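Hi there,

Here is the structure I said I would pass on to you. Have a look at it first, and then read on for what turned up in it.

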Amino acid sequence: MTRPLRVIESAAGAELASPLPLQDQLRELVAPILIDDRRVFVTADDPVGGGPACAVAGCPRSRKGHQTLCAVHRDRWLAAGKPDLDRWDDPGPCPGPESVLLGRLPVPLRWEIAYGIVQARHRPSPPSLRVISLQNAINGLADTGIGSLLEPDEDRWPSPGRPSHGRMPKPVGILKVGFFTFTIDELDRLRGQFGHEHEYARDVWRLRRLGVTGVPRGWRLDFREIEQGWLRAAVKQFLRWRHDTGHSPSGMHRDLTVVTLLSGALTECVGAAARPEQFDRAVINRFLTVLTERGHAPNARRQRLASVRRFLEIARQHDWIAGVPAGAALYSEDFPKETKLSPRALPASVMAQLESAQNLAKLTDPRWRLLFPLLMETGLRINDALHLPQDCVIHDQQNAPYLRYLNRKMKREALVPISPEMAAAINEQAARVRTQYSAKAVLFPRQTMNPDGSHPASMSAHRAALNTWIQQCRIVNETGAPMRITPHQFRHTLGTRLNVRGIASAASLGARVQRCGSVDLGFRPGGASRPTFYLTRLVSCVDARRPIGWMHRVQR
Ligand SMILES: [Zn+2]
């Protein structure tokens with residue numbers, strides 16, 4: 001028997017739920033699509049359960065694997081002796097849509113999954129999952145023995161208990177962002193348990209539910225290790241404020257980690273039930289020692305101390321920690337001296353090896369054959385490069401090509417000049433992914449679970465590719481020792497190269513822009529007509545030793 005849905009209390013401001021219990025609502029909502037109470041039809045157009053359409057006109061099914069035909073048509077085509085597809089006249093009747101089998105799932109889980117499949121049809125940017133992966137995921141879900149997606153905690157998600165890639169998974173793990181989390185969100189929306197306020201009321205925040213996009217949407221902020229209730233409440237207020245004022249997810253994550261350490265110092269000094277009045281300078285001193293004990297370098301300590309100082313300042317301003325003595329504060333004397341880092345650019349001899357045509361030719365995957373030279377030429381952040389869309393090359397009035405990209409860290413669009421050869425290579429790759437995936441595909445799509453190509457390759461995929469390539473080419477440093485190279489070093493290298501030539505764009509100096517007396521002109525996105533751009537500002541560099549990055553800013 002399945003357990004009833006665990007209904008948690010509705011938060012203020014959440015969407016209004018239907019008066020019907022969730023199970024009854026679900027039954028009604030999925031009745032029209034649930035065949036024999038155990039199957040759902042999916043077509044190639046379905047984000048969940050679909051994929052690129054079978055090449056036979058009018059066939060509702062999606063292609064099988066990397067083939068151009070569905071399984072039925074492929075069998076018929078093979079039986080016909082593999083005729084030229086353009087001239088092949090399919091002899092048989094068109095197969096109907098494919099079925100996703102839900103019979104192994106108990107109720108209400110069965111209805112929940114059906115509901116997720118339907119909702120994916122109506123939501124903008126739904127998850128995408130091919131039918132075979134969907135069926136595998138459903139079978140795995142049946143093996144877990146849960147009765148509803150709303151039952152287990154997302155960070156203690158039961159594993160199907162079957163070996164995967166030859167290894168037994170841990171009994172519980174963290175539920176990754178995908179179709180199941182999408183469906184959980186849709187179910188919570190249905191029962192009125194959705195919205196920022198509802199998430200803020202929890203002790204574990206799922207960043208996807210706070211509108212965070214990209215990789216960090218799968219992150220959680222877990223406040224449960226902060227034992228003092230009043231401190232936990234204040235930290236939640238602080239991070240809520242951070243999020244609402246546009247702080248980055250990685251910054252929020254760091255804030256929470258370090259304030260959790262601060263809470264640990266308070267527990268050590270006074271105990272888990274410490275009251276605000278007991279939070280004194282001794283706790284701060286213990287916290288300073290904790291950071292040293294953990295072996296953080298001075299610059300890392302400075303960053304963490306800045307997080308705590310900000311927390312204490314803002315919490316006092318907003319009266320979230322009334323009762324904490326004024327002496328519990330961080331002063332500039334508490335910060336270790338900043339360590340000046342040596343230049344992180346790659347030596348010219350290494351770059352010459354990386355840029356040699358012979359070595360570049362060893363990159364057989366067209367994605368990496370474009371990505372690595374692109375990073376070397378433009379100095380883009382890897383995350384910005386991986387998200388490049390197909391139409392990222394534009395031209396100015398003199399017909400000079402530019403790469404248009406979204407600077408995800410600074411949250412603005414930007415342009416960088418590129419060579420005509422690079423522009424041509426980008427357009428070639430764009431045409432390739434458009435043919436192979438869809439018009440929505442990014443330039444560097446990941447290869448699995450990506451029917452329309454809209455998901456970029458992962459950080460680990462391109463890193464592994466870079467490492468393999470570096471080893472293959474036997475890239476060595478000036479002493480002949482093998483090099484370890486990260487994509488981010490291309491960024492530093494480019495900045496240094498520009499600086500050596502005596503120029504850099506305004507933003508290439510990062511925080512030092514003001515010292516250069518440069519003005520931030522910003523980017524003004526064009527209207528309906530294609531905008532014209534020109535580079536605004538090339539400034540001499542004051543610190544050639546360590547450019548922080550670079551970016552050409554443009555103005556209409
Ligand atoms: Zn077909």
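Let me start with one residue, Val131, which lies in helix H4. Please keep in mind that this is a predicted model. Val131 has 24 C-beta neighbours inside 10 Å, so it counts as buried; the cut-off for that is 20 or more. Which residues is Val131 in contact with, leaving aside its neighbours within four places in sequence? They are Val42, Gly49, Gly51, Ser62, Glu98 and Val100. Val100 sits 31 residues from Val131 along the chain, yet their C-alpha atoms are separated by 7.4 Å.

The helix around Val131 is worth a look too. H4 covers residues 131-144 and lies across strands E2 and E4, running at about 20° to E4.

That brings us to the sheet. It is an open sheet of three strands in the order E1-E2-E4, with antiparallel pairing. E1 and E4 stand at the edges with a single partner strand each, so one side of each has no neighbour in the sheet. Strand E1 (residues 34-35) pairs with E2 over two bridges, and Ile35 stands opposite Arg39 in E2. On to the next pair: E2 and strand E4 (residues 98-101) are joined by four bridges. Here Arg39 stands opposite Leu101 in E4.

Where do the side chains of E2 point? In a regular strand the side chains alternate between the two faces of the sheet. Strand E2 (residues 39-42) shows this alternation: Val40 and Val42 point to one face and are buried, whereas Arg39 and Phe41 point to the other and are not. Val42 is also one of the residues that Val131 contacts.

The turn between E1 and E2 deserves a moment. The two strands form a hairpin with three residues between them. Asp36 is in the loop between E1 and E2, and has a positive phi of about 50° although it is not a glycine. Asp37 is found in that loop between E1 and E2 as well, with a positive phi near 65°. Are these two residues buried or exposed? Asp36 has 7 other C-beta atoms within 10 Å and is therefore exposed; the limit for that class is 12 or fewer. Asp37 has 14 other C-beta atoms within 10 Å, so it is partly exposed.

There is one more backbone detail to check in your viewer. The peptide bond from Val107 to Pro108 is cis, with omega near 15°. Pro108 is placed in the loop between E4 and helix H3 (109-122).

Now for the nonpolar cores. The largest has 35 residues, and those touching the most other members are Leu371, Phe372, Leu375, Ala385, Leu403 and Leu443. Several elements give two or more residues to this core, including H13, helix H14 (382-386), strand E11 (401-407) and helix H17 (487-500). Which element gives the most to this core? H13 does, with seven residues. As for Leu371, not counting residues up to four places away in sequence, it touches Ala385, Phe444 and His462. A second, separate core has 30 residues, among them Ala234, Met252, Leu305 and Phe311.

H13 also has a helix partner to look at. Helix H13 (residues 366-378) packs against helix H15 (residues 420-436) at an angle of about 145°, and their axes are 11 Å apart. The crossing is left-handed. On the H13 side, the contact is made by Pro366, Leu370, Leu374 and Glu377, and on the H15 side by Met422, Ala425, Ile426, Gln429 and Arg432. By class, that contact has six nonpolar, one polar and two charged residues.

In helix H17 you will find His488. With 14 C-beta neighbours inside 10 Å, His488 counts as partly exposed. Its C-alpha atom is 6.7 Å from that of Arg381, although the two are 107 residues apart along the chain.

Finally, the overall picture. The protein has 556 residues, of which 31% count as buried, and there are 18 helices and 16 strands. Of the contacts with a separation of 6 or more, 62% come from residues 24 or more positions apart.

Happy browsing, and all the best!

Conventions. Residues numbered from 1 in each chain as written. Predicted model: local features only at pLDDT ≥ 70, side-chain atom pairs only at ≥ 80, totals over all residues. Axes fitted to C-alpha atoms, helices over the stretch in contact; angles between N-to-C directions. Left-handed = near helix turned anticlockwise from the far one by under 90°. Contact = placed C-beta atoms within 7 Å. Nonpolar A, V, L, I, M, F, W, Y, C, P; charged D, E, K, R; others polar. Core = buried A, V, L, I, M, F, W, Y, C linked by C-beta atoms within 7 Å. Pairing = 2+ DSSP bridges.
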